[in-house]
Amino acid sequence: MPNDFSPLRGIRVVEMTHMIMGPSCGQILAYLGAEVIKVEPPAGDKTRHLTGMGRGFFPSFNRGKRSITLDLKSKAGTSALDRLLATADVYVENFRDQSIAKMGFAPGQLREKYPKLIVASCKGFLHGPYQDRTAMDEVVQMMTGMAYMTGPTGRPLRIGSSANDIMGGLFGALAVLGALMERQQTGQGRALRIGLFENCLMLVMQHMVQFDLDGREPAPMPEREFSWPVYDIFDTHDQRQIFVGAVTEGHWQILCNALGLEHLLDDRRLHTKMDQIEARHWTIPIFAEAIKKRDFAELIEIFEASGIPFSPINRPADMYQDPHVLRTGGLHHSHLPGGQAFRAPGLPIEVDGDSPRPASLDVADIGNDTESVLSELGLSPSEARAASGAVNRRTA
């Protein structure tokens, strides 16, 4: 039975977002028990219709939310949103500042009308020279040096997920939680702004600080100066790949013994950790040869028992068969509007030994909850249709 961890039960979140950063903020709040009402245009969030690598965007970050459609180009639609926000605790948006202001829903405008409302604006940049630029995950990775650090020299590469967007959403949810706690004392909301660029800046912070302290720029990760004697990917006898690390003196000793390389322990050139690091150019081929003689399963058994850091080189699809992921609560089941089932990870936390989850993690159809939500606000069926854009859709 799922853990009933719902600290945000009773909190209403109105989310007007698209793509990943804003929706991930709402998704986290939904996992913590908030009622999240996603406001979509009459034709639905365009992210719903992405294909290829974008296919998983909408299902991943919009589970367990209610969906309503509002035509915010009409007076009926903006009036309905106003009435909805009057009932909300939190408003999450990630549209351009100019667009939001033009509709009358800029943070300052909303805070004046609804002093208790917490407005979380998920943006490309915090206020400054870049605040009006269009930003995407890849853009800020290139801007901050993340891509430079990920690929080899001359080949900047974005990291292999939308990590900045997701982490930006996480910081948004964290800021919302702080503002909700403060509101309990003050009775007042806050206008929060979360920057995708600044999020990525934090991710490269360690490299910036290294330069500030030492005066030397670190090399890209594929060419990095190693701080450990073994920290590499090796080929096994049965043609698989495995990452192996030996980062302490104890690891070095265990790894040498486990692979039958005891002679390295007696080598006077390798007595200290720094000796071992500086000798990597001739010791790593020795480790590679020893690992190449053994099958993957045998190595896993050895390293698991000895406490050596290791990992198979997996693909994301492999996670559906991973025994740790498949533990109770590792994957949560959801359904698309058409009924197709899919599995996705939940929050990476346990509460009293179990994974929290909302009552439903299904993905709502476009405008699935429009009638019920707007009727709760006192709109008649005809007013709800006008606000949602249903009338325009029928006459288009």
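**View 1. Helices H6 and H8 where they pack.** Axes here are lines fitted to C-alpha atoms, taken for helices over the stretch in contact, and angles between N-to-C directions run from 0 to 180 degrees. In this predicted model, helix H6 (residues 137–144) packs against helix H8 (residues 163–186) at an angle of about 95°, and the axes sit 8 Å apart. Since 65 to 115 degrees counts as roughly perpendicular, that makes H6 roughly perpendicular to H8. On the H6 side, look for Asp137, Val140 and Gln141; they meet Ala163, Asn164 and Asp165 of H8. It's an even split by class: two nonpolar, two polar and two charged residues make up the contact of H6 with H8.

**View 2. The second largest pocket and its lining.** This pocket has a volume of about 600 Å³. Its lining runs to 20 residues, and Glu40, Pro41, Leu72, Lys73 and Phe95 are the ones nearest the centre. Strand E2 (35–40) and helix H4 (97–103) each chip in with at least two lining residues. H4 gives the largest share, three residues. Sorted by class, the lining of the pocket holds 10 nonpolar residues, along with five polar and five charged ones.

**View 3. A salt bridge between strands E1 and E2****.** Glu35 pairs up with Arg12 in a salt bridge, with the closest N and O atoms 2.8 Å apart. Arg12 belongs to strand E1 (residues 12–16) and Glu35 to strand E2, so to speak two distant parts of the chain, 23 residues apart. For the whole model, the count comes to 21 salt bridges.

Conventions. Residues are numbered from 1 along each chain as its sequence is written. This is a predicted model: local features need pLDDT of at least 70, side-chain atom pairs count only at pLDDT 80 or more; totals for chains, interfaces and linings use all residues. Side-chain values use heavy atoms; hydrogens and water are left out. On a 1 Å grid over the protein atoms alone, a cavity is a set of points where a 1.4 Å probe fits but cannot get out, and a pocket is an open set with protein on both sides within 12 Å along at least five of seven lines; lining residues have an atom within 4 Å of a point. Grid points are joined across faces, edges and corners, and a volume is the space filled by probe spheres set on the points. Helices (H or I, at least four residues) and strands (E, at least two) are DSSP runs, numbered from the N terminus. Ala, Val, Leu, Ile, Met, Phe, Trp, Tyr, Cys and Pro count as nonpolar, Asp, Glu, Lys and Arg as charged, and the others, Gly among them, as polar. Angles under 35 degrees count as roughly parallel, over 145 as roughly antiparallel, 65 to 115 as roughly perpendicular and the rest as oblique. Contact means heavy atoms within 4.5 Å. A salt bridge is a side-chain nitrogen of Lys or Arg within 4 Å of a carboxyl oxygen of Asp or Glu.
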